[in-house]
Amino acid sequence: MSTDDATSPTVVDLRAASFGHHGRPVVTGIDLTVTRGEVLALLGPNGSGKTTLVTGLLGLSEHLGGTVEVLGTPLDRLRDRTRIGYVPQRHTLTGGVRATVSEIVSTGLLATRPWWRPAGRRDRDAVRRALETVGLADRARFDVDTLSGGQQRRVLIARALVAQPDVLVMDEPTAGVDHASQGVLAGVLHRLATSGTTMLVVTHELEALRGVVDRIVELDAGHLAFDGSPHGYAAHQAERARAAGRGAA
Amino acid sequence: MSEMLALDFMRNALLAALVVGLAAPMVGIFLVQRRLSLVGDGLGHVALAGVAIGVVTSTSPVWTALVAAVLAGVAIELIRVRGRTSGDVALALMFYGGIAAGVVIINKVDGAQTANLTGYLFGAITTTTTADVIVFAALSAVIVLVTVVLRQRFFAVAGDEEFARASGLPVLALNIVLAVLTAVTVVVAMRVIGLLLISALMIIPNAAAQQLSASFRAAGWWAAGIGVASSVGGVVTSYYADTASGGTIVLLAIALFAVAALAGTLRRAVAAARHRHAERHLHEHGPGCGHEAVAHGDHVDYLHDGHRHAAHEGHYDEHADHPPADADPGSGGVAGARAGRHTLGDREEVTR
């Protein structure tokens, strides 16, 4: 979404990368290239390392081996972290105090300006645009506590979008959200995808993202088990089901 | 009142109360947000050890207490970062070790008379000297300045540390700055309300403010106002009622909390009774939802089967069912977009 690096087609490039916690690898030997405009769903059972992999890109889990480049820069030398927008898996936004939707979203811009500079008109415009993108502009001044789970998820997306990142990393954006809100959420993701936003979505619910995702990567026990189109993934699953059926018989 | 202000020590006391009442809630709101309300209490315990060292070495207890509290504040953050479960026990050791060492050392020096100790534990505002007031005012000015400048960053880190770190904010540095500010607040408030009651002035005004506001910004203003009202009010009350100043300040803050909680409950009840919910529907209005959007004052209504729905908390309200152009013929065709005043009355003129 940023203009200066718009020419570079590779957004994320992993070569034999491994990530983990406290020096112990959770995912290993990952080769993965994400190009601009791709919407990639990252699937896999619980504990397969999906979250460790994406948080590794964000510098939240440890990078233990291989090379990781984001926008052509090695991860540990990436200064502007807001180039990767992060939508964490959180079920609630509220801490111990009240806050409005726009107060939460504007925290996404803090790292883009020096500590002594207050928010200016451009920052406020960016917050308004991000809220329009997720369809919450009319709720900008609401206490986040009064929003539904699905709406709070969209507040988190707006907070990640507000700094105009090159890639949006989302951890289970549709989990634990009721069906109607899931529809609205999928609409937002669809709108982002058509506007060319690169996305890496960790999910269990591929169905909710039908028509949005154009590539599927599956992790199993810390390794890549599949990388291809949604169509190919359906065939891969059918194949696996047949193999399992034969094994059982 | 003029009789009270004629007294030197009362003028000092009131000034000290003013700066403490302003600074303490400004730092405290982030402790409330991080659900670390009792950290101030722990730092107060450790500060007593600092006071004791000051008493023994005949240096100013304010500065030794400041050093002890700042070291403890930084240690707490470093222990939290390691994320060990034993961290909780480490904090307990530090806090109780601090207060125990303080009591032992001060009693050893002062002998059986405990006036000095009581003064630090529960506040001895009338013994505040002009020099003390100048130090407190300068430290409070630093606290206020730093919290105002870094307010949004503290808010972001306290609200979602993981996201703050991912976006590149210096999370540990900000947490340590906040810990130092908390320690400075503890020492500034030490003479005014006492080391055992300090946490109250950081937390209770914020708890009251939460009842009255819907935004972080508004809550900050309310908390500072309530903090100043209870600290200055408490000192004045303690002068006339001849009560202990520290305890009086805290009781007054609790009374204001009760008033705020009542006012908040009443306001919500009145608001609920005075506006009308739209029929329940699963559809969520938004751009491109298929319903016409109509600007209505500071928000947008959506035309839904001929009546207007406006988002409100977890539901939709019915707003005036005619567009403003019909309701107010004088304003012409652009009325739909005018900045009309939106009041509760709007909600009442709904016809079913």
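Leaving aside neighbours within four places in sequence, Val232(B) is in contact with Leu14(B), Ala17(B) and Leu18(B). That contact set is a handy way into this model, which is predicted. From there, the briefing moves to chain B as a whole, then to one helix in chain B and one in chain A.

**Val232(B) and its surroundings**
- You will find Val232(B) in helix α11 of chain B, which covers residues 216-241.
- Val232(B) has a relative accessibility of 23%, and because buried means under 20%, this residue counts as partly exposed.
- Thr243(B) lies 11 residues from Val232(B) along the chain, and the C-alpha atoms of the two are separated by 14 Å.

**Chain B overall**
- Chain B contains 14 helices and 4 strands.
- It has 352 residues, of which 49% count as buried.
- Among contacts in chain B with a separation of 6 or more, 69% are between residues 24 or more positions apart.
- The exposed area of chain B is about 16,000 Å², with 66% of it supplied by carbon and sulfur atoms.

**Helix α5 of chain B**
- Helix α5(B) runs over residues 86-110, and its 25 residues should span 36 Å at 1.5 Å a residue; the end C-alpha atoms are 36 Å apart, so the two values agree.
- Its buried residues are Gly87(B), Leu91(B), Phe95(B), Gly98(B), Ile99(B), Gly102(B), Ile106(B) and Asp110(B).
- When reading that list, keep in mind that an α-helix has 3.6 residues a turn, so residues three or four places apart point the same way.
- The cover over the buried residues of α5(B) includes three helices of chain B: α3 (39-57), α4 (61-82) and α6 (115-122).
- Just after α5(B) comes Gly111(B), with a positive phi of about 75°.

**Helix α4 of chain A**
- Helix α4(A) spans residues 149-161, and its 13 residues reach 19 Å from the first C-alpha to the last, close to the 18 Å expected at 1.5 Å a residue.
- Of those 13 residues, 12 are buried, so α4(A) is largely enclosed by the rest of the structure.
- The buried residues include four arginines and glutamines in a row, Gln151(A), Gln152(A), Arg153(A) and Arg154(A), as well as Val155(A), Leu156(A), Ile157(A) and Ala158(A).
- From chain A, the cover over these buried residues includes strands β6 (84-87) and β7 (167-171) along with helices α2 (101-106), α3 (121-133) and α5 (179-194).
- Chain B takes part in this cover too, through its helix α8 (161-166).

Conventions:
Residues are numbered from 1 along each chain as its sequence is written. Chains are lettered from A and ligands numbered from 1 in the order in which they are written. This is a predicted model: local features need pLDDT of at least 70, side-chain atom pairs count only at pLDDT 80 or more; totals for chains, interfaces and linings use all residues. Side-chain values use heavy atoms; hydrogens and water are left out. Helices (H or I, at least four residues) and strands (E, at least two) are DSSP runs, numbered from the N terminus. The expected span of a helix is 1.5 Å times one less than its number of residues. Buried means under 20% relative accessible area, exposed over 50%, partly exposed in between (1.4 Å probe, protein chains only). Contact means heavy atoms within 4.5 Å. Accessible areas come from the Shrake-Rupley method with a 1.4 Å probe; for residues, only the protein chains shown count as cover.
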